[in-house]
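The following paragraphs lead from the whole chain to a single helix and then to a patch on the surface. Please keep the sequence and the model in view while reading.

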Amino acid sequence: MASIFDGGPGTTTPAPAPASDRPPVDAAARALGGRLAAGYLALQAVLGIVLWALAASLDDVRSGLEVIEASAAVTDGFRFADLAVAVVASALGAWGLWRERPWALAAVGAALGSVLYPTAFLVSWVPAEGTGEVALVLMVLVSVASAGAMVLAVRAAPGVSRRRSET
């Protein structure tokens, strides 16, 4: 006997509509997603600067970020990369998305990559060495939020191929 789950006789669930028959994603929703991504990236750029300023001035903040307490050079290496790449790419991505520039996705991708790399490092480092837990939690949160911003940016980006019914 056929069930409604096997698609045989007696099936009452209609087949999904072909992609061309589905309603297009509203242009206003795409624009809102782009604005949300831009806002997050701008916040990420500012907070990156604030984090490193606090780490430079407050020992408690610095110690939470330390990967090897006996060697500040390791964390200092991340500081330069974070400020030179993540902060700059986040700021450029935010500006590019806000102004709907075609190069914005490249900047957002650079920002995402610049936070994923240290996160991957910390994911392997913390269990092996037992230091850097605060940095790991912080970077996982930033990585997830940055990935979300990338998804919104891709959906909102000018020039990204869309179904014919949306153009």
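**From the whole chain to one helix**

The protein exposes about 10,100 Å², of which carbon and sulfur atoms supply 69%. These values come from a predicted model, in which 29% of the 167 residues of the protein count as buried. The protein has five helices and zero strands, so that along the sequence the pattern reads α-α-α-α-α. Among the contacts with a separation of 6 or more, 62% are accounted for by residues 24 or more positions apart.

Helix α3, which covers residues 72–98 and has 27 residues, reaches 37 Å from its first C-alpha to its last, close to the 39 Å expected at 1.5 Å a residue. The helix nevertheless bends by about 35° at D82. Its buried residues are T75, A86, V87, A89, S90, G93, A94, G96 and L97, and they pack against α1 (27–57), α2 (59–65), α4 (104–129) and α5 (133–156). In general, an α-helix has 3.6 residues a turn, so residues three or four places apart point the same way. After α3 comes E100, whose phi is positive, near 55°.

At the surface, L43, V46, L47, V50, L54 and L58 make a nonpolar patch of about 490 Å². One of these residues, L54, lies in helix α1. Why can L54 be called partly exposed? L54 is described in this way because its relative accessible area is 36%, and partly exposed covers the range between buried, under 20%, and exposed, over 50%.

Methods: Residues numbered from 1 in each chain as written. Predicted model: local features only at pLDDT ≥ 70, side-chain atom pairs only at ≥ 80, totals over all residues. Heavy atoms only, no water. Helix = DSSP H or I, 4+ residues; strand = E, 2+ residues; numbered from the N terminus. Expected span 1.5 Å × (residues − 1). Bend = angle between axes of the 7 residues up to and from the residue. Buried < 20%, exposed > 50% of the residue type's maximum accessible area, 1.4 Å probe, protein only. Contact = heavy atoms within 4.5 Å. Patch = residues over 30% accessible without salt bridge, like charges linked within 9 Å, V, L, I, M, F, W, Y side chains within 5 Å. Areas by Shrake-Rupley, 256 points an atom, 1.4 Å probe, with all protein chains shown as cover. Salt bridge = Lys/Arg side-chain N within 4 Å of Asp/Glu carboxyl O.
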